[in-house]
Amino acid sequence: MSSPISRSGASAIAAAFFLSSVLSFAQGAAISSASDTNSAAIHDLQTQVQEMRSLLEQMRSENAQSRAEMQELRQELRATRDALQHSNEPIPAQTSTVATQPTQESNPPATNSAAPSSAPLENRVDKLEESASLLGSKVDEQYQTKVETVSKYHARLSGIVLMNAFGNRGVFNNFDSPDYAQPVPPGTRQSSLGATLRQSEIGLEVFGPTVAGARTSANIQFDFAGGFPNTGNGVNFGIVRLQTSSLRLDWKNTSLVAGQDSLFVSPLSPTSFASLATPTFAFGGNLWGWIPQVRLEHRFSLSDEQSITIQGGIVDNVDWEFSADSFLRQPQAGEQSGQPAYAARTAWSRTIFGHPVTLGAAGYYGRQDWNWGRFVDAWAGMTDWQIPLSGRFILSGEFYRGRGIGGLGAAEGRSVLFNGDPTIPGSHPPLRGLNDIGGWSQLKFRLTPKIELNGTLAEDNAFAGDVRGFAIDANNFSTILGRNRGALGNVIYRPRSDLLFAAEFRHLRSFPVFSGSSGANQVNLSMGILF
């Protein structure tokens, strides 16, 4: 009897021991499997974060405008990488402990001893998943705001949505963006009030490949000041107009520019958000033009703070003639000469009080052919300056003297005078180029980093001696202005870099040669958002 009982007891003990070993092994395998799963998850998250980092670095190189945002992303990536390194260091030790602990202890409390080690690991995994999700949302945001082109080259959209509300006292040639004053017609009120958004602008800049060591780029800019449709309330539906469009090749010290661009021999304009459709004091002392041209620029560095710039090029030979047809283009007198206009400028600059000081001198020449052997040699000499008087005061301006330069905005757009009526068939009255002198000067005061005040005086003076005794007012298409004077004062407030508010007072007084002067005032309130 005792022998079977002993064998049964021994069998029971062996079975219990075997079952305990199996349970212990299974428990260890489960814990080890969980640890391996967590390690694989960390590895996958690490791979995903590295891929996101590569994508963000690529977008940084493509999108110059997003540098600030990319800096924030790089900081987040560094924090995530530190978290990864911190989490990867204790993982092998924890895995070893969890895997070997069941082999040392075969009782159930082994599971409880593994729990404190696995909990911090799961917390780290959760943090990594949260960081990866945040980075993914940043990448999606960058992708949605990126301007994509067919060529896959980086493009940047910019512009301003600008609203101008204005009140006029007197009569201007242009109700919302005035250039000169006119007499008040009989029976009309002297005061008027209005608002417009047609001076809003849209620009697109495209950055192309590097060619022969030069960075290539192109830009185009539009506004809505191209006229008004012939419909009810058409004054509110401004027609889109091309301002500038150019191609650039930029080497380290040399640039080649081709396209319709601003007049480079007259590079400055007074600061104002009341006049964007045409530069401030156009036809009143500020030469300007958005003219097709090809120019070459080279910069010489004299020192870390001084440089000299030389510019030269050919310009479309315009003279401010109105288009004879709305769809078909005919050559103007300058273009009919068979040669372009020529322009050159040189400037010296350095830094004073934290701002650049620039002194420039320029010249312009273009030959005009008015048919029947009548030629006019148009020319101009210009100078421009921008001088910081202190850290807050900046004096800037331009001065010019020339003849036949109505195409550049001088003399109310008038280049020549006729001694007779050229509209009569077979009539070929003598003509002469109109001499002109003018300029403007502005004092800028930066009250705070967000508030600036500007005061400007300007005048264009066509020589009355060229007019009297030669030209007849009725035979020169419109009233001939002898002088056109202007003054303005404005305050510009920028609470943010992309938001502005401005208030301006402007006074213009115009002096026709054959009649009395006229004066008019405008108060303009502007609000704009830049993008």
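Hi everyone, let's start with a pocket: the second largest one has 26 residues in its lining, and Ser262, Pro267, Ser269, Pro279 and Trp290 are those nearest its centre. Before I go on, please keep in mind that this is a predicted model. The space in that second largest pocket comes to about 630 Å³. If you sort the lining by class, you get 12 nonpolar, 12 polar and 2 charged residues. As for where the lining comes from, strand S7 (241-250) and strand S8 each supply at least two of its residues.

Let's stay with strand S8 for a moment, which covers residues 254-262 and includes Ser255. Is Ser255 buried or exposed? Ser255 is buried, because its relative accessible area is 1%, and the cut-off for buried is under 20%. Which side chain does the side chain of Ser255 meet in a polar contact? That would be the side chain of Arg299, at 3.3 Å. Setting aside residues up to four places away in sequence, Ser255 touches Arg248, Leu249 and Asp250, and also Arg295, Leu296, Glu297 and Arg299.

Now for the enclosed spaces. How many cavities of 30 Å³ or more are there? The count is 4. The largest cavity has a volume of about 50 Å³. Its lining takes in Val265, Ser266, Gly285, Asn286 and Leu287, then Met382, Thr383 and Asp384, and finally Glu398, Phe399 and Tyr400. The elements giving two or more residues to that lining are strand S13 (375-388) and strand S14 (393-403). By class, the lining of this largest cavity splits into 5 nonpolar, 4 polar and 2 charged residues.

Some of those names come back in my last topic, the largest nonpolar core. This core has 17 residues, and the members touching the most other members are Val265, Leu287, Tyr364, Met382, Ile405 and Leu408. Strand S11 (341-352), strand S12 (355-369) and strand S13 each give two or more residues to the core. So to speak of overlap: Val265, Leu287 and Met382 are among the residues lining the largest cavity, and they are also in that list of core members touching the most others.

Let me finish with one of these core residues, Ile405. Which residues is Ile405 in contact with, leaving aside neighbours within four places in sequence? They are Leu287, Tyr364, Trp379, Ala380, Tyr400, Ala410 and Ser415. Of these, Leu287 and Tyr364 are on the list of core members that touch the most others, while Tyr400 is part of the lining of the largest cavity.

Thanks for listening!

How values were computed:
Residues are numbered from 1 along each chain as its sequence is written. This is a predicted model: local features need pLDDT of at least 70, side-chain atom pairs count only at pLDDT 80 or more; totals for chains, interfaces and linings use all residues. Side-chain values use heavy atoms; hydrogens and water are left out. On a 1 Å grid over the protein atoms alone, a cavity is a set of points where a 1.4 Å probe fits but cannot get out, and a pocket is an open set with protein on both sides within 12 Å along at least five of seven lines; lining residues have an atom within 4 Å of a point. Grid points are joined across faces, edges and corners, and a volume is the space filled by probe spheres set on the points. Helices (H or I, at least four residues) and strands (E, at least two) are DSSP runs, numbered from the N terminus. Ala, Val, Leu, Ile, Met, Phe, Trp, Tyr, Cys and Pro count as nonpolar, Asp, Glu, Lys and Arg as charged, and the others, Gly among them, as polar. A nonpolar core is a set of buried Ala, Val, Leu, Ile, Met, Phe, Trp, Tyr and Cys residues joined through side-chain atoms within 4.5 Å. Buried means under 20% relative accessible area, exposed over 50%, partly exposed in between (1.4 Å probe, protein chains only). Contact means heavy atoms within 4.5 Å. A polar contact is a pair of N or O atoms within 3.5 Å; within protein, one must be able to donate a hydrogen and the other to accept it, and residues adjacent in sequence count only if both atoms are side-chain atoms.
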